[in-house]
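Student: I'm new to this one and would like a close look at a single part. Could you take me through chain B and the side of chain A that touches it?

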Amino acid sequence: MEKTTQNINYEDVVIHVDKVSKSFGDLHVLRDVDLQLYNGENLVVLGRSGTGKSVLIKLISGLLKPDQGNINVLGEVVNILDERDLRGLRQRIGFSFQNSALYDSMTVRENLEFPLVRNKRNLTRTEIDKEVEEVLEGVGLSQAINQMPSELSGGQRKRIGIARTLILRPDIMLYDEPTAGLDPITCLDINSLINEVQERYRTSSIIITHDLACAKMVGDRMVMLLDGKFERQGTFEQIFDTEDERVQPFYDYNFIV
Amino acid sequence: MPNLRVINLVKILASENLMGRKIESLLIEFARIHRFFVRFLRELVTPPFEFKEIIRQCYEIGWKSFPLISLTGFIVGFVFTKQSRPSLEEFGATSWLPSLISIAIVRALAPLVTALIASGKVGSQIGAELSSMNVTEQIDAMEVSGTNPTKFLIVSRIIATTTMIPVLCFYVAGIGLLGGYLSIAAKDDMSLLSFFNQVFESIAVKDIFAMVLRAIVFGFTIGFASCYVGYYSSKGTEGVGKAANAAVVSSMFLVFIEELLIVQILSFF
């Protein structure tokens, strides 16, 4: 089930998080965090709930602003971009939300068309249909094209959410808890899809999760967020080769308990 | 951006205990409303425009309100006429009923009733819809896909309320007058033609103008207030309920304040 790492360029950094801190009131979520994502890599960010994993990818996508530090994405410093430039950069970043965030008043087709027609305004109707069908086929849900999000299962919604981000052909994918709330078999499907996306679309990805099976299956490299800092990083084995009491329960719960 | 500076300044002042927390949150709220308004104005005039969504919202807000508005407008006209009759009867002046109700409906009741019904129906709908989109991260999803949620969600809804409420207001005035006529016709022998002759003799162009002005102001207010509370609602399912409630309450409150101000201003003309 473990993946083989190919096409990663360790000399090309696509995301550089440089000494970033973020607080909400008195709660210091991230403290002087440093992180690099290399071209073509799947980087898994592990950590307990509430440790700021989702905050990190919201900072990367510009949904939140850091209190300190800089975030460089594809050569642009996200935290100083104005709205228009940020919108342009976001076309190159795909964000898969924990709860899929499908537009529930629109059909699957309309969900996929929504970003496409607004970012590529010169496309013809035929080209739009072709793009939508192609990306839906890529996630294995061509038959759901006219369904409403409420008619889909959790796994299908995740897939459509991923398809919606892929339709703009992003260079970077950010996955927020891609397997949360799904049964084990659907988790496997989603993990395979993440690997397929990496291979097929040549994306570099950050995957936020506390599902170690997912981490092991999709990650080329892993980092663990502990007390607002990345204290451990490396391969799956390197991360858990420790007596640290903050780390071991993760492994025990996922593989022993 | 200047607003962000103001918000940060206020936060610093509050953290230094130089200001009470309530004043802090009030000032932050004002700064946020100002930022929301500026963003709305900017997106209103900047292409591309979301024509399809504007039309869809006009349908949702305007057309789908017709049944409720029809019933309410008719009842208001009918009941107002019925309640006014005894007072005029004392002076033997029931023939003035058409003039009385036309002035009352056009100058005050039609815009106010339309606005209050719209605050309840449209305001809660917009507040709850945007809030639930906020809770389920649909607004964030729009942001990160390089699209503009302000243009798609906010501008379209505010344009729809600002244009549709004047249309509904005209309709309420018409249906209210019809209700008034039926109330009169139930007791007196009066034709519809002579009723409307008296109605049009009583109302002036400036009354119509004032009615439209009120309806536009109320429509904008309902759209803006509902979008604002929905867009900035707190997370969680409780936030959706609170946003729907706040949209109705704030819209109605602002409508009454504006009515008071507009009446004062129009009294100078």
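Student: To begin with, about how much area does chain B expose, and what percentage of it do carbon and sulfur atoms supply?

Tutor: Chain B exposes about 13300 Å², and 72% of that is supplied by carbon and sulfur atoms. Accessible areas here come from the Shrake-Rupley method with a 1.4 Å probe, and for residues only the protein chains shown count as cover. Before we go on, keep in mind that this is a predicted model, where local features need pLDDT of at least 70 and side-chain atom pairs count only at pLDDT 80 or more, while totals for chains, interfaces and linings use all residues. Residues are numbered from 1 along each chain as its sequence is written, chains are lettered from A and ligands numbered from 1 in the order in which they are written, and side-chain values use heavy atoms, with hydrogens and water left out.

Let's start with chain B as a whole. Chain B has ten helices and zero strands; helices (H or I, at least four residues) and strands (E, at least two) are DSSP runs, numbered from the N terminus. Its C-alpha atoms fill a box of roughly 70 × 45 × 35 Å along the principal axes. Of the 269 residues in chain B, 48% are buried, where buried means under 20% relative accessible area, exposed means over 50%, and partly exposed is in between (1.4 Å probe, protein chains only). Take the contacts (heavy atoms within 4.5 Å) in chain B between residues at least 6 apart in sequence: 83% of them join residues at least 24 apart.

Now for a few spots along chain B. B:Pro48 sits in the loop between helix 2 (21-45) and helix 3, and a cis peptide bond, with omega about 0 degrees, joins B:Pro47 to B:Pro48. In helix 3 (residues 51-61) you'll find B:Ile55, which counts as exposed because its relative accessibility is 59%. The C-alpha atoms of B:Ile55 and B:Pro111 are 23 Å apart, with their places 56 residues apart along the chain.

Next, look at where the two chains meet. Here, 22 residues of chain A are in contact with 17 residues of chain B. The size of an interface is often given as the accessible area lost when the parts come together. Chains A and B bury about 1900 Å² between them, 53% of it on carbon and sulfur atoms; buried area is the accessible area (1.4 Å probe) that two parts lose on being put together, summed over both. On chain A's side, A:Arg87, A:Arg90 and A:Tyr103 lose the most area to chain B, together 26% of what that side buries.

The rule finds four salt bridges across this interface, a salt bridge being a side-chain nitrogen of Lys or Arg within 4 Å of a carboxyl oxygen of Asp or Glu. In one salt bridge, the side chains of A:Arg118 and B:Glu50 meet at 2.8 Å, N to O. There are also seven residue pairs in polar contact between the chains, both residues at pLDDT 80 or more. A polar contact is a pair of N or O atoms within 3.5 Å; within protein, one must be able to donate a hydrogen and the other to accept it, and residues adjacent in sequence count only if both atoms are side-chain atoms. The elements giving two or more residues to chain A's side are helix 2 (83-90), strand 6 (93-96) and helix 3 (108-119) of chain A. Helix 3 of chain A gives the largest share, four residues.

B:Glu137 is worth a stop too. B:Glu137 lies in the loop between helix 5 (97-135) and helix 6 (138-144) of chain B. Its phi is near 65 degrees, a positive value in a residue other than glycine. Why does B:Glu137 count as buried? Because its relative accessibility is 10%. Not counting residues up to four places away in sequence, B:Glu137 touches A:Lys58, A:Phe97, A:Gln98 and A:Ala101.

Finally, step back into helix 3 of chain A, the place of A:Asn111. A:Asn111 counts as buried because its relative accessibility is 0%. A polar atom of its side chain lies 2.7 Å from the backbone nitrogen of A:Tyr103. Leaving aside neighbours within four places in sequence, A:Asn111 is in contact with residues including A:Met106, A:Pro149 and A:Arg164.
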